[in-house]
Amino acid sequence: MIWKEDIECMDSTGLKALQSDYLKKLIPYIYHNCPVYRQKLDAAGVNPDRIKSIDDIKRLPFTTKEDMRDHYPYGLFSAPQDRINEIHVSSGTTGNPTLVGYTKDDLKLWGDVMARVLCCAGAEPGDTIQIAYGYGLFTGGLGFHYGALEMGLRIIPTSAGQTARQLKIMQDFQPRILGCTPSYALYMAEEAKEMGIDPTQGHWKIGVFGAEPWSESMRREIEAAWNMLATDVYGLSEIIGPGVAQECRHKDGLHVFSDVFFPEIIDPQTDEEAPEGQDGELVITTLTKQGIPLIRYRTRDIVSARYEKCRCGRTSPRISKIKGRTDDMIVVRGINVFPSQIEHVLVGIEGTQPQYQIVVDRKAHHLDEVEVLVEVEQRFFSDEIRHLNDLRERIRKEIQNVLSVGVKVTLVEPKTIERSVGKAKRIVDKRTL
Amino acid sequence: MKITQISVFLENRKGRLYDVCSLLGANHVNIRALTIAETESFGVLRIVVDKCDAAVKLLRDNGFVANFTDVVAVEVPDTPGGLATVLKIFADNDVNVEYMYGFVEKHSDKALLVFRFEDTDTAQQVLARHSISIVTRQEIEGL
């Protein structure tokens, strides 16, 4: 089943006309309602009345994560706050967090694209879905919730965590669709086996997994562990949350809902359009959002895109799984982690900045593990183990507070952290994605 | 009189203790007493040597984190109850020992005990009051 068949299977001429129509309305709307964007557009020499077609998008300036932070909280909003119905906040580095806000229509849009996601994955009205994404300021839980509501699924809103309870609920209510991060799916399968439950014996049909990068081999593992079809969902809170793109049963690229989220693939070095099929940074314009519409938002996710029609009938462009990041941000258990956050904590504790390295690994139990190596310095070395352990514990607690992710802190000898041209390598990602 | 212990940070990695010892050996630094306190990922090597200033410089120059720590070395008879006698004095006088380690000397009937106190000065006064002989820096250097 295709949720919005008329749009999702539209021919390219029709789609282009629709996108052009949206863009023609969007730019003047933003220009007249958002002073920050007005300045940006003026600086780029864009006359909003001269935007006639989606092709004109290339003349528009980019929007970056920094723009969102610099203009925190409301600078990039085009709608007044009394029209905002819901806000979501994601953690920042050392500065401001990222705030997004949805008008009533934006929430409707979110429900619509998430219904498309669930349908694209293979859900049918009447199915039961267990939503084990976190509910709260994180967009995962509520995004799935709105989509499932729109589609008419029976929702079990377990949120993330409390694994034993999740498993009991699965057994009692026999959901056919599971939504959670891929690492949590594998973790739950392991836990199930420990508890003597055979995860392959459920009523599973489909899993819709996202919020962190994952690999084809992980997909095979999840499919075998749960006896279900494992599909990938893509999204980011700046654009809408989950609901930007989704794999169909052919698992051959993620369908971007390009009538509302217009994708471009650019070379992050030159900012020019990347040749078709080549890897580049995904840039998205929200064509119909009202609360905080974004023009050419730099996602920093590296993907490639294809434009031919899919076997499922959808004509929308398809993006690959995320192949990397343009900056050194890493995603751990669905949470963005920046080296600068850890640097900040260490500076706060030690006064100056010791050498450190973040090692991310996905061990036997499938959950991402973060280890922070900190080089011991003369200044804070003590002959007493107790003092060193206290220091380690303090660093661990403070990092954990900032990241909302559990970390292990290991004190290492000076000069043991790998350096390239004098600069320490800050992140070692050992996960096989 | 206080003597100086050298504390060295060591990761739990193969060969690290050897690296320290061979470095000191090659530079004619003699280790008088040694102990290692360990955790699952790192350890602290504590040593008393004959040339402590030179040893610390050497270690630091070779990339080790090494600090001086004030400790008190006491000689007790190498007989049953020798250590207990000293510990009783500390207990009776409310002197808190952070850690200690022992060391048997050649060519003598004495055992060398190295103490790290919470309050080194008070501990020394207590020892003096009870006529417990404290090993001097000169003695350590010339042992």
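Colleague: Which residue in β4(A) stands opposite A:Ile129?

Modeller: In this predicted model, A:Ile129 faces A:Ile155 of β4(A).

Colleague: What makes β3 and β4 of chain A a pair of strands?

Modeller: Pairing takes at least two bridges. Strand β3 (residues 128-131) and strand β4 (residues 154-156) of chain A are joined by three bridges, so they qualify. The two strands run parallel.

Colleague: And how does the chain get from β3(A) to β4(A)?

Modeller: Through helix α6 (residues 139-151) of chain A, as a β-α-β crossover.

Colleague: Why is that crossover called right-handed?

Modeller: Look with the strands pointing away from you: a path that runs clockwise from the first strand over the helix to the second earns the name. The crossover from β3(A) through α6 to β4(A) is right-handed, which means its path goes clockwise in that view.

Colleague: How do you know that β3(A) also pairs with β5 of chain A?

Modeller: By the bridge count again. Three bridges link β3(A) with strand β5 (residues 177-180) of chain A, and the pairing rule asks for at least two. These strands run parallel, and A:Gln130 has A:Leu178 in β5(A) as its bridge partner.

Colleague: A:Leu178 again, then. Which residues does A:Ala185 contact beyond four places in sequence?

Modeller: A:Leu178 is one of them, and A:Cys180, A:Gly207, A:Phe209, A:Ile222 and A:Trp226 are the others. Calling these contacts means that each C-beta atom lies within 7 Å of the one of A:Ala185.

Colleague: What makes A:Ala185 stand out in the largest nonpolar core?

Modeller: That core has 91 residues, and A:Ala185 is among those touching the most other members, along with A:Leu118, A:Ala123 and A:Val244. Helix α5 (residues 104-121) of chain A gives the core its largest share, ten residues. A separate core has 60 residues, including A:Leu373, B:Cys52, B:Val65 and B:Ala66.

Colleague: Why would nonpolar side chains sit together like that?

Modeller: In soluble globular proteins, they tend to be buried together.

Colleague: How much of chain A counts as buried, and what earns a residue that word?

Modeller: The share is 44% of the 433 residues in chain A. A residue gets the word when 20 or more other C-beta atoms lie within 10 Å of its own.

Colleague: Where does chain A touch chain B?

Modeller: α11 (385-403) and β20 (407-412) of chain A each give two or more residues to that side, with the largest share, three residues, from β20(A). Overall, chain A brings 15 residues and chain B 14 residues. The chain A side divides into six nonpolar, four polar and five charged residues.

Note on methods:
Residues are numbered from 1 along each chain as its sequence is written. Chains are lettered from A and ligands numbered from 1 in the order in which they are written. This is a predicted model: local features need pLDDT of at least 70, side-chain atom pairs count only at pLDDT 80 or more; totals for chains, interfaces and linings use all residues. A nonpolar core is a set of buried Ala, Val, Leu, Ile, Met, Phe, Trp, Tyr and Cys residues joined through C-beta atoms within 7 Å. A residue is buried if 20 or more other C-beta atoms lie within 10 Å of its own, exposed if 12 or fewer, and partly exposed in between; C-beta atoms are placed from the backbone. Helices (H or I, at least four residues) and strands (E, at least two) are DSSP runs, numbered from the N terminus. Two residues are in contact if their C-beta atoms, placed from the backbone, lie within 7 Å. Ala, Val, Leu, Ile, Met, Phe, Trp, Tyr, Cys and Pro count as nonpolar, Asp, Glu, Lys and Arg as charged, and the others, Gly among them, as polar.
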